[in-house]
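Student: I would like a close look at one part of this protein, namely the way its helices pack against one another. Please also take in the ligand and any unusual backbone geometry along the way.

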Amino acid sequence: MAQVHSDVRRLLRRDLDRIEAYPAPPPLEDFARSVGVAPHDVLKLDQNENPYGCSPRVVEALRTYDWYHIYPDPAHRVLRERLANYAGAPVEQILVGNGSDELIELILRMFVEPGDRVLSFAPTFGYYETAALAAGAEYATLDRGLRFEVDPEQASRALTDRTKVVFLASPNNPTGNATPLETVRALLALNVVVVVDEAYFEFHRQTALKLFAEGYENLIVLRTFSKWAGLAGLRLGYGIFPPALTPAAWSLKPPYSVSQAALVAGVASLDDLAYLQTTVEKILIERQRLQAGLASLGYLSPYPTDANFILCNVIGRSASELQRALAARAILVRRYSSRRLENSIRFSVGRPEHTDRLLDVLEELR
Ligand SMILES: Cc1ncc(COP(=O)(O)O)c(C=O)c1O
C-alpha cells in the first residue's frame, strides 16, 4: 500500500482561510427538539419566508407531474416565457437559477478574476461577501447612512480600477429600505456592473427593470420565488441581464442546476397570481400591525420597511438575551451585532396569529 506522505489539505486553495461558511440556522426539527416542541409549533420569523406557504396549485402540479426521471430543459423555456410576461422583460434577457444565490455566484464568476473588487452597502445580505470571497474577489463594503441610504458619491470615491461589481439589495435585507431609482441611475453611471437584488420586490413593487429602457448595459436585476411565492425550499430565482451579457451568463451556467420540481412549481405559481397576491396583501396588512405593536412595547425601535420583515433596535437591554428568551419560547428571529447595526433584531412578518403570539411573548418579556 502506498505510504501517506502528507496532509491532503495542502492541495486546497490558499485563500480558503479568508472564507467563512454562510451562517445558516440549524434545521427546524433540531431546533424544535431542543426547545421541546413539535416543528409545527415553532414560530419561524428568522428567514423572511412566506407564512402562507406556496400556492395550492404548486402542490397539485408537483403531485401530478409525470416526467421526473427525465432531465429538465436546460434552457428553461416554459418558465422563462411565463416570467417574461410576469416581469415585463424580453425572454432572451431572462436566466433562471437555483435560488437567486446561484445567480449571485454566476455573476461573480462572469466578472471576477483574482484580485478584482466587489462592493456593497453595509449592512446588507451576507451571502454577497461569502460568494465574492469564494470567487476570489476582494470584498469591500460602504456604510449606509443614518436611514440606511446609499451614497453614490461615496461609491464613486471607493472605486478602484479593479472594481467590477456592485451589489445593491432593494429593498435591502436586513434594513428593509428600498433605494430610489435616481440613486440606482447614479450607481449605473459609475460604469461598473450594478446588480439590483429585488428579492423583496413583491412587497414594494418599485423595480430597476424599467432602467433597461434607458439603455444601461451594466444593469442586472435579480428576483426570487423564495419570499413572496413561498418556494424557499425548492430554490428558484431569476435574473434579467442586458443582452450584451447573456451569452457569457449562459456559457458559465451549469445546465441542470435548477430542478424540474422547481420549474414546475414556478410555472404553477405564475398560474396562480391572484392567490399569491392575496397572501402578499395579507402580509402587508400584518406588517403594519406588527410595526405598531413592536413600537408600542417601549424597548424596541422598529425601522420603516418596504419588505416582509421589520428590523428593530433593542433599547436598554441585550438583543442577544432577548433572542435567547424568544428561542426558549420556540420563536426564531434574526439578531445582528455589527459596527453599523448594534443590538438589533429582525422579525419576519407572519400571519395574524403569529403577530399575536409574538407580541404576547414580547409583552411578557417586557
Ligand atoms: C437580499 C436577498 N437576496 C437574495 C436572497 C436569497 O434568495 P434565494 O432564496 O432565491 O437564494 C435573500 C434571502 O434571504 C435576500 O435577502
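Tutor: What follows takes the helix packing in turn, and then the ligand and the backbone.

The model is a predicted one, and a good place to begin is helix α9, residues 260-270, whose axis comes within 9 Å of the axis of helix α3, residues 77-87, with a crossing angle of roughly 30°. An angle under 35 degrees counts as roughly parallel, and α3 and α9 are therefore described as roughly parallel to each other. The crossing in which α3 passes α9 is left-handed. On the α3 side the contact is made by V78, L79, R82, L83 and Y86, and these meet L263, G266, V267 and L270 of α9. Sorted by class, this contact of α3 with α9 holds seven nonpolar residues, one polar residue and one charged residue.

Helix α9 also packs against helix α2, which spans residues 56-64. Here the axes of α2 and α9 are 8 Å apart and the packing angle is about 140°. Angles over 145 degrees would count as roughly antiparallel, but α2 and α9, at about 140°, are oblique to each other. The crossing of α2 and α9 is right-handed, while that of α3 and α9 is left-handed. From α2, the residues R57, V58, A61 and L62 take part, and they meet A261, V264, A265, A268 and S269 of α9. The contact of α2 with α9 divides into seven nonpolar residues, one polar and one charged.

Another helix pair is formed by α10, residues 273-296, and α12, residues 352-364, whose axes come within 10 Å and cross at roughly 5°. With that angle, α10 and α12 are therefore roughly parallel to each other. The residues that make the contact are E286, R289, L290, G293 and L294 from α10, together with P352, T355, D356, L358, L359 and L362 from α12. Their classes are six nonpolar, two polar and three charged.

Turning to the ligand, there are 14 residues around it, of which S100, D197, T224, S226 and R235 come nearest. S100 is also the partner in a polar contact, since one of its polar backbone atoms lies 2.7 Å from an oxygen atom of the ligand. In the case of Y200, the atom concerned is an N or O of the side chain, and it is 2.7 Å from an oxygen atom of the ligand. The side chain of K227 likewise has an N or O atom at 2.8 Å from a ligand oxygen.

As for the backbone, most residues other than glycine have a negative phi, and most peptide bonds are trans. Against that background, N48 has a positive phi of about 55° although it is not a glycine, and N48 sits in the loop between β1, residues 43-44, and α2. The peptide bond from S170 to P171 is cis, with an omega near -5°, and the bond from N173 to P174 is cis as well, with an omega near 15°. P171 lies in the loop that runs between β5, residues 163-169, and α7, residues 181-188, and P174 is likewise found in the loop between β5 and α7.

Note on methods
Residues are numbered from 1 along each chain as its sequence is written. This is a predicted model: local features need pLDDT of at least 70, side-chain atom pairs count only at pLDDT 80 or more; totals for chains, interfaces and linings use all residues. Side-chain values use heavy atoms; hydrogens and water are left out. Axes are lines fitted to C-alpha atoms, for helices over the stretch in contact, and angles run from 0 to 180 degrees between N-to-C directions. Helices (H or I, at least four residues) and strands (E, at least two) are DSSP runs, numbered from the N terminus. Angles under 35 degrees count as roughly parallel, over 145 as roughly antiparallel, 65 to 115 as roughly perpendicular and the rest as oblique. A crossing is left-handed if the near helix is turned anticlockwise from the far one by less than a right angle, and right-handed if clockwise. Contact means heavy atoms within 4.5 Å. Ala, Val, Leu, Ile, Met, Phe, Trp, Tyr, Cys and Pro count as nonpolar, Asp, Glu, Lys and Arg as charged, and the others, Gly among them, as polar. A residue is near a molecule or strand if one of its heavy atoms lies within 4 Å of it. A polar contact is a pair of N or O atoms within 3.5 Å; within protein, one must be able to donate a hydrogen and the other to accept it, and residues adjacent in sequence count only if both atoms are side-chain atoms.
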